[in-house]
Amino acid sequence: MRVTGPNFELVPQQLTALGMVLQELTANSLKYGSLSSSGGSVDLTWRVIDEDDNGFDIEMTWRESGGPAIEEPVGEGLGTELIKGFVRSELRGEAMLDFPKQGANHRLRMRIIRYTDQDRRNEA
């Protein structure tokens, strides 16, 4: 797995949501996707696409390769609902999940709330 993108801090609510999304994507890849085979890999990248005083928007890409071919259309199960729900509600964005034959290729757009000095004081 290759991970590339700028560092940023998350408020606890968004940290939990993003952790759940990444856990679900990883679990699916380990079960059915590229991480289920020795030659498979995942490229996880993100970039800031807009920013203001309250936060910033990021675009995250999850791209699998080298795994088993996807032969059948992938249905919307509980995992897909979880991913889309967390991205829509807690991460204030949308998840575009695509399953081409060569491997999963997902794009997530998220609004990240700026972590402030007040948040740090509240944790202390």
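Me: Is Q14 buried or exposed?
Reply: Keep in mind that this is a predicted model. Q14 sits in helix α1, which covers residues 12-31. Its relative accessibility is 1%, and the cut-off for buried is under 20%. So Q14 counts as buried.

Me: Okay, and which residues does Q14 touch, leaving out those up to four places away in sequence?
Reply: Start from helix α1, since that's the place of Q14. Once you skip residues up to four places away in sequence, the contacts of Q14 are E90, L91, R111, I112 and I113.

Me: What's the order of the strands in the open sheet?
Reply: There are five strands in this open sheet, and their pairing is mixed. Neighbouring strands are turned by 15° against each other on average, direction ignored. Reading across the sheet, you get β1-β2-β3-β5-β4.

Me: Which strands stand at the edges?
Reply: Look at the two ends of the order β1-β2-β3-β5-β4. A strand there has a single partner, so one side of it is left without a neighbour in the sheet. The edge strands are β1 (2-4) and β4 (94-96).

Me: How many bridges join β3 and β5?
Reply: β3 takes in residues 55-65 and β5 takes in residues 105-113, and they pair in the antiparallel sense. You can spot T61 with its bridge partner R107 in β5, and R63 opposite N105. The count for this pair of strands is nine bridges.

Me: And on the β4 side, what is the bridge partner of A95 in β5?
Reply: β4 and β5 also pair in the antiparallel sense, over three bridges. Go to A95 and look across to β5. The partner you'll find there is L108.

Me: At about what angle does α1 run to β5?
Reply: α1 lies across β2 (41-52), β3 and β5. Angles here go from 0 to 180 degrees between N-to-C directions. For α1 and β5, the value is about 170°.

Me: Which strands does α2 touch?
Reply: Helix α2 covers residues 78-89, and it packs on the sheet. Its direction makes about 145° with that of β4. The strands it touches are β4 and β5.

Me: Which residues make the nonpolar surface patch of about 270 Å²?
Reply: One of them is L82, which you'll find in helix α2. L82 is partly exposed, with a relative accessible area of 30%. The full set of residues making the patch is M20, L78 and L82.

Technical notes: Residues are numbered from 1 along each chain as its sequence is written. This is a predicted model: local features need pLDDT of at least 70, side-chain atom pairs count only at pLDDT 80 or more; totals for chains, interfaces and linings use all residues. Side-chain values use heavy atoms; hydrogens and water are left out. Patches are made of residues with over 30% relative accessible area and no salt bridge: like charges are joined within 9 Å, nonpolar side chains (Val, Leu, Ile, Met, Phe, Trp, Tyr) within 5 Å. Accessible areas come from the Shrake-Rupley method with a 1.4 Å probe; for residues, only the protein chains shown count as cover. A salt bridge is a side-chain nitrogen of Lys or Arg within 4 Å of a carboxyl oxygen of Asp or Glu. Helices (H or I, at least four residues) and strands (E, at least two) are DSSP runs, numbered from the N terminus. Buried means under 20% relative accessible area, exposed over 50%, partly exposed in between (1.4 Å probe, protein chains only). Contact means heavy atoms within 4.5 Å. Two strands pair if DSSP finds at least two bridges between them.
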